[in-house]
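Me: I would like to learn how the empty spaces, surface contacts and backbone details of a protein model are read, one feature after another. Could you take me through them with the model below?

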Amino acid sequence: APVLDPLFPAAVQAGTSNTLSLVGKSAPWPPKVWSDPPGLTFEPTTNNGVFTVWVGTNATPGPRVVRAFNGEGVSAPRFLIVTREPQRAEIEPNGEWSAPQSVDPLPATINGRLEKNGDVDSYGIHLEAGQTLVAWMEAYTLMSPLDPVLRLLDSRGVQVAWNHDDGRSLDPFLAWTAPAPGSYVLQVFGFVYPAGSDIRFAGDARDVYRLHMTS
C-alpha cells in the first residue's frame, strides 16, 4: 500500500493548477488519489511522486483530507488546504539572514519546506515605525514531524522577537511592533518532533509548512 506523508505544497488556490509532491513511497507508480470534500482532480506526471492537481474555481476554501491508494491498500490521511488567496513559494537559497527571500508587500502566505538538517529559511520584509508584524505558522497542525520556531532579526542581524509555541499547539505565533522604519528578517527553523536525544535544527522532506505574515 502507498505511504503518504505531508503534501508539498500544503496549500493550493482555487481556480488554479499546481505541481504537487506526494512525499512518501508508492510502487508501482502511480497510485490513485482520493480527496474529500470533492473539487480536486489529481493527474500523475511521469516523475515519480509528482502530480498535477487541478482546483475548481468554485472549490470551497478549507482543508481537504487526501489519501493515496492502490490494489494493496490505502495510505494514512493527509491534509491539503484550498484557499482563495494567492500562495507564494519558498525560493532557495534563503538560509542566510543577510540574503533573505523578499516577500514585500504584505500580507503574504508562503509554502515552504525545511528539507535537510540545519535548514533555516529567511524572509525579508520592510516595516514602518509603529507598524505591527503578525506572523504565524502551520507545520505541526499539518502533521509535519516538526516543532517549528519563528524569530525576527533587525537589519544588523540582532534578534528582536521570537516565539516557539502559540499556546494551543507546537506551531509558533509572533506579534511585534517596529520602533523605527527599516528592513527586518523573519526566520523559520525547527526541531524534530517527537523529540530525539540530540538538539539541532531539523530538516526532512516531510517538514512542510505554511508561513503567514501580515502587517
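Me: Which strands each supply at least two residues of the lining of the largest cavity?

Reply: The general idea is that rolling a probe the size of a water molecule over the atoms shows where empty space is left. In this predicted model, the strands that each supply at least two residues of that lining are β1 (3–8) and β9 (78–83). The lining as a whole is made up of P6, L7, A10, R78, F79, L142 and V208, and by class it divides into 6 nonpolar residues, no polar ones and 1 charged.

Me: What volume does the largest cavity have, and how many cavities of 30 Å³ or more are counted?

Reply: The largest cavity has a volume of about 40 Å³, and the count of cavities of 30 Å³ or more comes to 1.

Me: How much space lies in the largest pocket, and which residues are the closest to its centre?

Reply: A pocket, unlike a cavity, is an open set of points, whereas a probe placed in a cavity cannot get out. The largest pocket holds about 200 Å³ of space, and of the 14 residues that line this pocket, F191, V192, D198, R200 and A202 are the closest to its centre. The lining of the largest pocket divides into 6 nonpolar, 3 polar and 5 charged residues.

Me: Which residues line the second largest pocket?

Reply: The second largest pocket, with about 150 Å³ of space, is lined by T83, E85, P86, Q87, R88, P107, A108, T109, R210 and H212. Two strands, β12 (108–113) and β19 (208–214), each supply at least two residues of this lining, which divides into 3 nonpolar, 4 polar and 3 charged residues.

Me: P107 is in that list, so to speak a landmark; what separates its C-alpha atom from that of L133?

Reply: The C-alpha atoms of P107 and L133 are separated by 9.7 Å, with the two residues 26 apart along the chain. L133 belongs to strand β14 (residues 132–138), and L133 counts as buried because its relative accessible area is 0%, where the cut-off for buried is under 20%.

Me: Turning to the surface, which residues make the nonpolar patch of about 320 Å²?

Reply: That patch is made by W34, V65, F79 and M143. F79, which is found in strand β9, also appears in the lining of the largest cavity, and F79 is classed as partly exposed because its relative accessible area is 30%. M143 is partly exposed as well, since its relative accessibility is 38%.

Me: What is the phi of M143, and where in the chain is M143 found?

Reply: M143 has a positive phi of about 75°, although this residue is not a glycine. M143 is found in the loop between β14 and β15 (146–153).

Me: How many salt bridges are counted, and how should I read the exposure of their partners?

Reply: The count comes to 7 salt bridges, and a useful habit is to place each partner's accessibility beside the distance between the closest N and O atoms. Between D154 and R156 that distance is 2.9 Å; D154 counts as buried because its relative accessibility is 9%, whereas R156 counts as exposed because its value is 62%. In the salt bridge of R113 with E115 the closest N and O atoms are 3.8 Å apart, and here R113 is buried, with a relative accessible area of 12%, while E115 is partly exposed at 44%.

Me: Is R168, which forms a salt bridge with D166, buried or exposed?

Reply: R168 counts as exposed, because its relative accessibility is 75%, and its partner D166 is partly exposed, with a relative accessible area of 25%. The closest N and O atoms of R168 and D166 are 3.8 Å apart.

Me: Finally, where are cis peptide bonds to be found?

Reply: The quantity to read is omega, and one case is the peptide bond from D36 to P37, which is cis with omega near 0°; P37 lies in the loop between β4 (32–36) and β5 (40–44). A cis peptide bond also joins D104 and P105, with omega about 0°, and P105 lies in the loop between β11 (101–102) and β12.

Notes
Residues numbered from 1 in each chain as written. Predicted model: local features only at pLDDT ≥ 70, side-chain atom pairs only at ≥ 80, totals over all residues. Heavy atoms only, no water. 1 Å grid on protein atoms, 1.4 Å probe; cavity = no way out; pocket = protein on both sides within 12 Å on 5 of 7 lines; lining within 4 Å. Points joined across faces, edges and corners; volume = space filled by probe spheres on them. Helix = DSSP H or I, 4+ residues; strand = E, 2+ residues; numbered from the N terminus. Nonpolar A, V, L, I, M, F, W, Y, C, P; charged D, E, K, R; others polar. Patch = residues over 30% accessible without salt bridge, like charges linked within 9 Å, V, L, I, M, F, W, Y side chains within 5 Å. Areas by Shrake-Rupley, 256 points an atom, 1.4 Å probe, with all protein chains shown as cover. Salt bridge = Lys/Arg side-chain N within 4 Å of Asp/Glu carboxyl O. Buried < 20%, exposed > 50% of the residue type's maximum accessible area, 1.4 Å probe, protein only.
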